[in-house]
Structure formats: C-alpha cells, structure tokens
Amino acid sequence: MNRPHITLIIASSLDGRIAFPEGGNKNLGSSEDRVVLNKALKNMDATIFGSGTLKAHKSTFLVKDKNGISEKQPISIVAGNIKDFSQNWLYFKQPIIKWSIHSNEIKNDKNLNFQKEFIYQDSWIKTLEILTEEGIKNIALLGGGKLINAFAREDLIDEIKITIVPIMIGGKFTWIPIQQKEKFSSNWTIKSIKRLKTDEIFIHYSKK
C-alpha cells in the first residue's frame, strides 16, 4: 500500500517517560534537543500528533532558519477529538497550515482554522493513504503515547529519532502504554548516535 514514510521523533527519560508525572506543557528535552528536532523537521512534509498533546501544549514547534521562524513549515496534522479546542490557543495563531483527522461523529468548531479535515478510515494505514493522495510523502510522528501506540500496532513506523534525557521521573506517560501486551517489530538498526552537550543521547534507528 502507498503511504507516507513515518519517522517517530521523541524525547524520553531514562525510564521511558515522554512527559512529567504532573503532565502539562513542560518540555522534557533541552535546547540542544530542540536543535535536533529543528533539523529533523526541515525535511518533513507534515507532522502529526494527538489531540491530547495539543491540549497540553496549546502550540506546536516551529521550524527555524538563520533568519528566525522559517517561511517553510511542515503541515501540522492533529489527530483525535477536537471538541474541546479553543481558538484562543497559540496554536491557532501560529503561521502554519493546519489539518485535522477525526471521526465523522465530531463536528468541528468553524472558528478553528483547520484548512482541511479528514475522516479516520477505521485504520491508520487506510487513513495515511488519503494523506498520500494529498501529496504528503514524509511525516514526523510527535506523540502522544496513544497515537504512537496506534501506529506501532499497525507497524507503520519506519524510523525512530529518540533523544534520551538523563533523568528518571516516573509517572504514567510512557511512549508505549504500560498495559500494552502486543508485540511490535524488533527489527531495528542504528543509523547514528550523537552525544549532545547536555549529556543527552540522540539515537537514530531505522527499520531493517
């Protein structure tokens, strides 16, 4: 099936958490991790993240260049329930193209400036085919845990770019749910490893 190439980009604590126990919008990775993220997103056609992630942060990362915020930004796709979104969030003022993917049972608030809306097609593989038809070839998967898990269950993640942050924080926010019982693809190979100035480790994996 013809679908976009999916790269999971996350920062994780040593104990596998992607957010602090109290939740909220506090970033786990450092400014050095943001440099890595910026470089990774420059070649992406789109990013995708769950509605819970947007509710926590109320904004998204903007790609920078030498002049500041780049004029070229990947399309930002939000997946999930958008019922409780607010047009006052910074996200809806950011200079990016915004798309949403949700069930046909959810009616969008017309004050939210999503340029395109798509209906989830009972599986992510079928839904991604629609994005291919829209010209999307490379997508960065940015979270949260439920969406990452959904893509992993369908074996749709082609690369993983993970920054290991040297802290242990506990809590429930793992990037694969603790109760997950399914087995995922284990055929991964390291493309590169880089030690950042902050003692974080950036690891780039690709599927064999």
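**Reading a predicted model, step by step**

Q: Which residues does Gly29 touch, leaving aside those up to four places away in sequence?
A: In this predicted model, Gly29 touches Ala11, Arg34, Val165 and Glu200; to count as a contact, heavy atoms must lie within 4.5 Å. The residue itself sits in the loop between S1 and helix H1 (31-41).

Q: Why is Gly29 called buried?
A: A residue counts as buried when its relative accessible area is under 20%, and Gly29, at 14% relative accessibility, therefore meets that condition. Being buried does not put Gly29 beside every other part of the chain: Ile130 is 101 residues away in sequence and 32 Å away in space, C-alpha to C-alpha.

Q: Why is Asp122 called exposed, and why is Asp199 called partly exposed?
A: The label "exposed" asks for over 50% relative accessible area, with "partly exposed" covering the range between buried and exposed. Asp122, in the loop between S7 and H3, has 71% and is therefore exposed, whereas Asp199, in the loop between S10 and strand S11 (201-207), has 43% and is therefore partly exposed. In backbone geometry, phi of Asp122 is near 70°, which is a positive value in a residue other than glycine, and phi of Asp199 is near 70° as well.

Q: What makes up the largest nonpolar core?
A: This core has 28 residues, and those with the most contacts inside it are Ile48, Trp124, Leu131, Leu141 and Phe151. Two or more residues come from each of several elements, including strand S1 (5-13), strand S2 (46-50), helix H3 (124-133), strand S8 (138-143) and helix H4 (145-153). H4 gives the largest share, with 5 residues. Ile48 touches residues from several parts of the chain, among them Ile77, Ile101, Trp124, Leu141 and Phe151. Apart from this core lies another, of 12 residues, among them Phe49, Leu62, Tyr91 and Leu112.

Q: How do you know that the buried residues of H3 line one face of the helix?
A: The residues to consider are Trp124, Ile125, Thr127, Leu128, Leu131 and Thr132, which are the buried ones of H3. Seen down the axis of the helix, they fall within an arc of 160°, so they line one face of H3. A general rule helps here: an α-helix has 3.6 residues a turn, so residues three or four places apart point the same way.

Q: What makes Ser123 a cap for the N-terminal end of H3?
A: A side-chain oxygen of Ser123 lies 3.3 Å from the backbone nitrogen of Lys126, and this distance falls inside the limit of 3.5 Å for a polar contact. Just after H3, Gly135 takes a positive phi of about 95°.

Q: Why is S2 described as largely enclosed by the rest of the structure?
A: The count is 5 buried residues out of 5, so S2 is largely enclosed. Both faces are covered, with Ala46, Ile48 and Gly50 buried on one side and Thr47 and Phe49 buried on the other. As a general rule, the side chains of a regular strand alternate between the two faces of the sheet.

Q: How do you know that S2 is paired with S5 and with S8?
A: Two strands pair when there are at least two bridges between them. S2 and S5, which run parallel, are joined by 5 bridges, and S2 and S8, also parallel, are joined by 4 bridges; both pairs therefore satisfy the condition. As examples, Ile48 stands opposite Ile77 in S5, while Ala46 has Ile139 as its bridge partner in S8.

Q: Why are S7 and S10 said to stand at the edges of the sheet?
A: The open sheet of 9 strands has mixed pairing and the order S7-S6-S5-S2-S8-S1-S9-S11-S10. S7 (116-119) and S10 (188-195) each have a single partner strand, so one side of each is left without a neighbour in the sheet. From one strand to the next, the twist averages 20°.

Q: Which strands does H4 touch where it packs on the sheet?
A: H4 touches S1, S2, S5 and S8, and its direction makes about 130° with that of S8.

Q: What makes the peptide bond from Gly143 to Gly144 stand out as cis?
A: Its omega is near -5°, and the bond is cis; Gly144 lies in the loop between S8 and H4.

Methods. Residues numbered from 1 in each chain as written. Predicted model: local features only at pLDDT ≥ 70, side-chain atom pairs only at ≥ 80, totals over all residues. Heavy atoms only, no water. Core = buried A, V, L, I, M, F, W, Y, C linked by side-chain atoms within 4.5 Å. Buried < 20%, exposed > 50% of the residue type's maximum accessible area, 1.4 Å probe, protein only. Arc of directions from axis to C-beta. Polar contact = N/O pair within 3.5 Å; in protein donor to acceptor, adjacent residues only side chain to side chain. Axes fitted to C-alpha atoms, helices over the stretch in contact; angles between N-to-C directions.
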